[in-house]
Amino acid sequence: MGLLCEFSQLNKTISIVGMAKNSGKTTTLKYFIEEAMDENIALGVTSTGRDGESTDLVTGTDKPKVYLYEGTLVSVPTKLYELAEAGLEILRMTEYRTSIGPLLLCRVVDSGYVQIAGPLTTKEHKLLCDEMLSLGAELILIDGAIDRKSIAAPSTSDGVILATGAVLSRNMKRVVEETAHVVGIYGLPVLENEKALSLIHEQGGNQILFLDQEEGGIRSRTYEGKTGLRASRFLDEELNDCTRFIYLPGALTSGVIEDIHPGKLKNLTFVLKDPTKIFIESHSWQQWCKKGLRVFVIENIHVLAVSVNPTAPTGYAFEHEELLASMRGALPNLPILDVKR
Amino acid sequence: MARRLANSKTKSQAGLDYVISSLNLLTPFGEKAKKEMEPYFPGQEEDLRQELDRIFLLKEAILNHRDYWSLVEGAFMEMKDCTFSITRAGKDVLTVVELFELKNLLLAMEKLFRHLEMFRETFQQPLPETFHLESVKGLLKELDPRDEGIQTFYLYDEFSSELKALRQDRRLLEKEIRLERKAISQKLKEEKGVTLTPKFECVVSKSDAALVGKMEQIPQLCRWEEDYMSVTFGLKDTEKVDGLLLRMNRLQESIEEEEWKVREGLSQKVAAYEKLLLENGKRIGILDRTYAKAQLALNRQLVKPEILEEHRIELKEGRHLEVESLLERKGKEYCPVSFLLEPGVTCITGANMGGKTVSLKLAGLVALMTQYGFFVPASQAKVGLSSYIQMLIGDSQSLERGLSSFGGEMEELREALDHSQEKTLLLIDEIASGTNPKEGTALSKGLVSYLMARPYICLITTHFDSVADLPEVVNLQVIGLAQADFERLRRELRYANRKERIQLVSKYMDYRLRVVKGSGDVPKEAIQIAEILGLYPEIIQSAKDYL
């Protein structure tokens, strides 16, 4: 059984997310489209932004269109419909707008190249995916938008394939480290304390919240002051011996943690909405963890596999096997693919 | 240039804009019909009556068969304006997306056509000529060769046997090319032990110079890509594959040409229906607009006005819709007002805060709504059409033009009088109140004498007693606080705060109008109201002494 077939048992929607621009995201997408065809999986293909354009709008590097096979469902903006080489049966004109016209929901009736685009908001994205599933797609592949890891908010898909590669750094060790770091924080444990969870949900999740262990259970205190990066200086004052959790609706940075007395860190657990709220690079993260930093998330991101691209568009490249081997060493439990093979 | 019934300021101040914006149109054709809405002028009474009858018919139909009309609404909501594509079809070739949208419009039109047919048959009720649609079945069949009746569209094989054959050929060729390449790839694997990816590629590290050398020796392979770490080898196309690829290219060209021909043919068929489609669109627009008017009449309890031949406006229990909706939001009820306006001058006099201006606006609103073919907010209304309606109200101050409020008012009055003609309706609020009472009264009297000699209907609100006293002027007086229970009012006032005081005034105020014969006093309620609103007792007492 192929990898994708295995994934599709548990995941209905899979996003392909790049660690950086040109980390081989589109190549990865194409790889899985091919595999889906070999495995006879009815596929839906969409994107979280305009993608699949023939040249990459940001860096000007080559970005070929995606070849889709008969029966695949795909979303195409009106203005790109005529440019598609595949034969596309228009099923419905959706109300989702893009800068290049409203999106058409199409079925490929004659295989060929297509330029894909998807809805711009998470909510519309969800609706489109649901519609594709109801039209018979067994699996939806989503080309994640540009490169920002932060856009891969968990709610957009059931699972994620992380595309990484030489483009991150000329130093292979760093590429592996950064990738492992992202996989690590994506998989942070989910907060399971039910009382704490319900207290956070009660507050709507948009306020800083202190959860204190008191006699008779956990109590929540909201923090009335300003939220945001600057607020961290006041966090320390608000913490007391009973505080077990602190819920931050915003970003977690080194700055936030630095402002808290190291002694208090030991008994404390940070709770975040999802892992994309963490803006700490791998070295600092490891140091913080040694000092006792503990982070839980409300929702984590399920990384299914990592794909590596050993060449960078600026001209340098790594030894394929070496990169694969060291990536496998760092992430022993995940399938690692070289999409250029 | 089209005739103008009223300027935009009058329409907005009277509340017509509010009414038009509360029309809930469901189709782009209806939106267009709304924008193109023109008033009915004297001489067009019969046309107006027919329009009102159509609204009446739909109103009754909605009341009796709500379920049926929700089907119609469903068809309405699927409509998209394709006018641009339809007019373009005659000169140009439509795109696939345009044809898709047209097909959907045709499906919705056909659905609506069938619903209207059903209405005629099931309820044995004829629909007015204006709403009759033509069936578009013929054209729909052209765009739906599989006769599936669903919204999807593609240049299906069924459009052209030629296209079908060409596409078949392409698929076979594609397969042939793939098989040919696969065969070579398989042979390489067996003979040389080289495995290619499904895309017939193979990446070799440069550090393995021996392998690179070996690969270069294989005649079936060639270098495709290379960076300083590795070389990508790809399958070299054989003569046979090259030949197939060339055929494929030619085939692709023919397919595109054939697709263009299919689109061209379809466009011409659309063009043949241009007149019918545009006419259908227009009629759907009018149906949608009339339907919206009927819905409005139902939702806001509007009645059909009786259209008179003579110039006269008679209103029983009229309500100003915009004010009514404001009150409703505060949970209060509108106090309906009745009046009769005939050529000559009618004055509205009475207490401050007595709703004089709202009643003036109501007169304008009813006249305008009638002439724009709406039902009106009253329990009964009889309206003779005006050829010109102008309202002078509020602050005409214009800093830009260097006019004070008095100056602005005088200029606007001059403009209104310039435009006035037979069957004019003039609505004037507190003329000359911005200057000294002596001259103000004189000016007002002068204006009233001028207007008395003209065949206009004039409604004027004023505080100046002697204006309403002029012979032949009809004096409508706000009943006001005259019949209020002052004892109770005083008791309630004792504990009221500022906001409650204002509410008390409206609670005890009777906004209705009554005709006062002869030289009825203009009621002096200003001091009383000032007192209710909490002005200092010493000022009130002193004012009473001066009086």
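Trainee: Hey, how many residues do chain A and chain B each bring to the contact?
Mentor: Chain A brings 24 residues and chain B brings 23 residues, where contact means heavy atoms within 4.5 Å. This is a predicted model, in which local features need pLDDT of at least 70 and side-chain atom pairs count only at pLDDT 80 or more, while totals for chains, interfaces and linings use all residues. Residues are numbered from 1 along each chain as its sequence is written, and side-chain values use heavy atoms, with hydrogens and water left out.

Trainee: What area is buried between chain A and chain B?
Mentor: About 2,100 Å², with carbon and sulfur atoms giving 54% of it. Buried area is the accessible area (1.4 Å probe) that two parts lose on being put together, summed over both.

Trainee: Which three residues supply the most on the chain A side?
Mentor: A:Ile90, A:Met93 and A:Asp110 supply 24% of the area that chain A buries against chain B, more than any other three residues.

Trainee: Nice. How many salt bridges are there between chain A and chain B?
Mentor: The count is three, taking a side-chain nitrogen of Lys or Arg within 4 Å of a carboxyl oxygen of Asp or Glu. One of them joins A:Asp110 to B:Arg167, with the closest N and O atoms 3.9 Å apart.

Trainee: Switching topic, what pLDDT does chain A average?
Mentor: Chain A averages 81, and 88% of the residues score at least 70. pLDDT is the predictor's confidence in each residue, from 0 to 100.

Trainee: And where in chain A is the pLDDT below 50?
Mentor: Over residues 50–63; beyond near neighbours in sequence, that stretch has 41 contacts in the model.

Technical notes. Chains lettered and ligands numbered in written order.
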